[in-house]
Structure formats: C-alpha cells, structure tokens
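Visitor: Pick one part of this structure and give me a close look at it, please. Start wherever you like, then carry on into its surroundings.

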Amino acid sequence: MSYPIATVIPPCPGLRQFVRYYWVLKSRERFSVLTFPIGCPQIIFHRQSPLFIPELSVSQNKFTISGQVNFPAHIASDGDTEMIVAVFYPHTIGMFIDTTPSTFYNSEISGFDIGNRGLNEVASRIFDCESTHQCVKYIENWLLSKLNCRYDTLNLKRIATVISSLMRKPALQVSELADIACFSQKQFGRIFNSLVGMRPKEYARIARFQKSMWLLQNHCHNYAEIAYYCGYSDQSHLIRDFRQFSGTTPSQIANPYSDLFTTPA
C-alpha cells in the first residue's frame, strides 16, 4: 500500500530549542499505519475526520494531546484527513500547556480537557482557518507568548542535557544520568518524570529502541552490533525490547524509521 506523505515545517528560531518540527498531512485516501513510541509528545489538530485507533477502539479528539507511550498502535484514516501536528522535544511540552506531562502518560487526551483558554482559542482559530501555514503561525504565536511566562529554566536545562547524553549513549544508567543532572537519584526521577512524562529507566528503553531503529534505517543489519551500540546486554535483549515497542522483530520490520534520531527535511 502507499503511505500518506506529510509536509514538514521547521519552527521559528525562537522556538527551536522547544519544538522539533510541525507536520501537516492531507489525504483523501484511506490508510492504516502502525506507529511506535517516538519519545516525543505532540499536540494534534484535526481539521477533518480524526484518526481511529483500533487497539483502543476510539478515535482521537479533534484537538488531541498525545503523551509518552510504551506500546505500538495502529492509526487509521477514513479517507478524509487533514491534520496539523506540533512535535515537541521530550521534556518541553509541559512549559506550554501548564499541565504535568505524566498526566497523559500512555494516553491521548482532549486538549479541551486541560482547561487552557489560550490553547482552546488557538484550536478554534485552526478549525476555522483556510491556510495550513496560517494555522502554524497561530500555534507559533501562542507558543511564543508562553515563553514570557515563568518556568523552571534550571531544571529544564538539566533535563535537556540528560536527554542529549542519553541520545549519544543510550546505555547510560539512571545513576549516571542523575549525576549528569546534578541530582540525587530520587530527586532526578521525580523531576525527569514531571518534565518528560515517563520514568528515566523507561525512557532510556525508548531511546535504545529508537536508536536501534535508526541503525536499521541506515542499513545496519548486524543485530549483535546494533545491540552493542544501543546498550542492550545481548541480541536477545534487543529483540525482546524491539518486539515490545514495535510488535515485530528487527528482521521483520518494513521501512524502519527512527523519529527520535532523524531530523525530517
């Protein structure tokens, strides 16, 4: 089958350390795609029919906030799709929505349910707007306005450093990550969870999985080598985690793509 193609829009300079990118998808064809944990929360605006999630027997809300997840899931379109998605760095969404990301761990919630009047107004404008690029401008203007609000800059920078370290070396232990952040392990776990929406050890597993996906994407098929570079204890450990997060094995996956380790053009 052919998969829908998204248009990627980079954030403005003032938001580049907080927003990875925006993507816009329009499709008049039915499709079903298996998605994996990507390690990044998203805000989703559906201007046409929301996507259906068979595993949960529910459709996304027209205005959805998608949190950190640790399982694969299909998304299906009825052939009337137009969506705009803001993809955040693992630790930055909370500063904009004033809601702790752990609130929507392993779930997708309606953005209207968090009671953020400014964001609700953005959603209403997007649903009434004709131009998708103007829709992205509405999102960016609101995000930029939130930068003037107070937020925990020091902890945000510390966790950003931890995320960068983990992406360079997914084998790092939680104790090592806590040292990088200059926290005790208990304090580190609490702060990491409050900003990222997932415990450090579990997020490290997502990072290892995404790194293994990136190596497959770049034509590495030596599974022992992948296990070594990604910090798995052995090849069996790699296959076990890979199956949990993707529903299949490294040798069976079609068109491997790592969202976390790939900057879309």
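Guide: Let's start with Asn255, which sits in the segment after α9 (235-246); helices here are DSSP runs of H or I with at least four residues, strands are runs of E with at least two, and both are numbered from the N terminus. Before going further: this is a predicted model, so local features need pLDDT of at least 70 and side-chain atom pairs count only at pLDDT 80 or more, while totals for chains, interfaces and linings use all residues. Numbering runs from 1 along each chain as its sequence is written, and side-chain values use heavy atoms, with hydrogens and water left out.

What catches the eye at Asn255 is its backbone: phi is positive, about 50 degrees, although the residue is not a glycine. Most residues other than glycine have a negative phi. Asn255 counts as exposed, at 64% relative accessibility; the cut-offs are under 20% relative accessible area for buried, over 50% for exposed and partly exposed in between, with a 1.4 Å probe and protein chains only. Asp98 tells a similar story: this non-glycine has a positive phi of about 60 degrees, and it lies in the loop between α1 (94-97) and β10. At 56% relative accessibility, Asp98 is exposed too.

A third positive phi, about 90 degrees, turns up at Gly197, just after α6. Helix α6 covers residues 185-196, and its 12 residues reach 16 Å from first C-alpha to last, close to the expected 16 Å; that expectation is 1.5 Å times one less than the number of residues. Its buried residues are Phe188, Gly189, Ile191, Phe192, Asn193, Leu195 and Val196. Among the elements covering them are α4 (153-168), α5 (174-181) and α7 (200-217), where contact means heavy atoms within 4.5 Å.

Turn to α4 and you see the packing from another side. Its 16 residues span 23 Å, close to an expected 22 Å. Asn155, Leu156, Ile159, Val162, Ile163, Ser165 and Leu166 are the buried ones, and they pack against α1, α5, α6 and α7.

In α5, have a look at Val174. It is partly exposed, with a relative accessible area of 23%. Leaving aside residues up to four places away in sequence, Val174 touches Gln185, Phe188, Pro200 and Lys201. Arg199 is 25 residues from Val174 along the chain, and their C-alpha atoms are 9.7 Å apart.

Helix α4 also has a part in the second largest pocket, whose volume is about 280 Å³. The pocket has 18 lining residues, with Arg20, Tyr89, Leu260, Thr262 and Thr263 closest to the centre. Two or more of the lining residues come from each of β2 and α4, and α4 has the largest share, four residues. The lining splits into 13 nonpolar, four polar and one charged. For the record, a pocket here is an open set of points on a 1 Å grid over the protein atoms alone, with protein on both sides within 12 Å along at least five of seven lines, and lining residues have an atom within 4 Å of a point. Grid points are joined across faces, edges and corners, and the volume is the space filled by probe spheres set on them. Ala, Val, Leu, Ile, Met, Phe, Trp, Tyr, Cys and Pro count as nonpolar, Asp, Glu, Lys and Arg as charged, and the others, Gly among them, as polar.

The largest pocket comes in at about 1500 Å³. The elements giving two or more residues to its lining are β2 (19-27), β3 (31-35), β4 (42-46), β8 (73-77) and β9 (81-88). Of these, β3 gives the most, with five. In all, 47 residues line this pocket, and Val33, Leu34, Thr35, Phe36 and Ile75 lie nearest its centre. By type, the lining has 31 nonpolar, 14 polar and two charged residues.

Last, the cysteines. The whole structure has zero disulfides, a disulfide being a pair of cysteine sulfur atoms within 2.5 Å. Cys129 is buried at 13% relative accessible area. Its closest cysteine sulfur, in Cys135, is 3.8 Å away, so the two are too far apart for a bond. Cys182, on the other hand, is exposed, at 58%.

Conventions: 1 Å grid on protein atoms, 1.4 Å probe; cavity = no way out; pocket = protein on both sides within 12 Å on 5 of 7 lines; lining within 4 Å.
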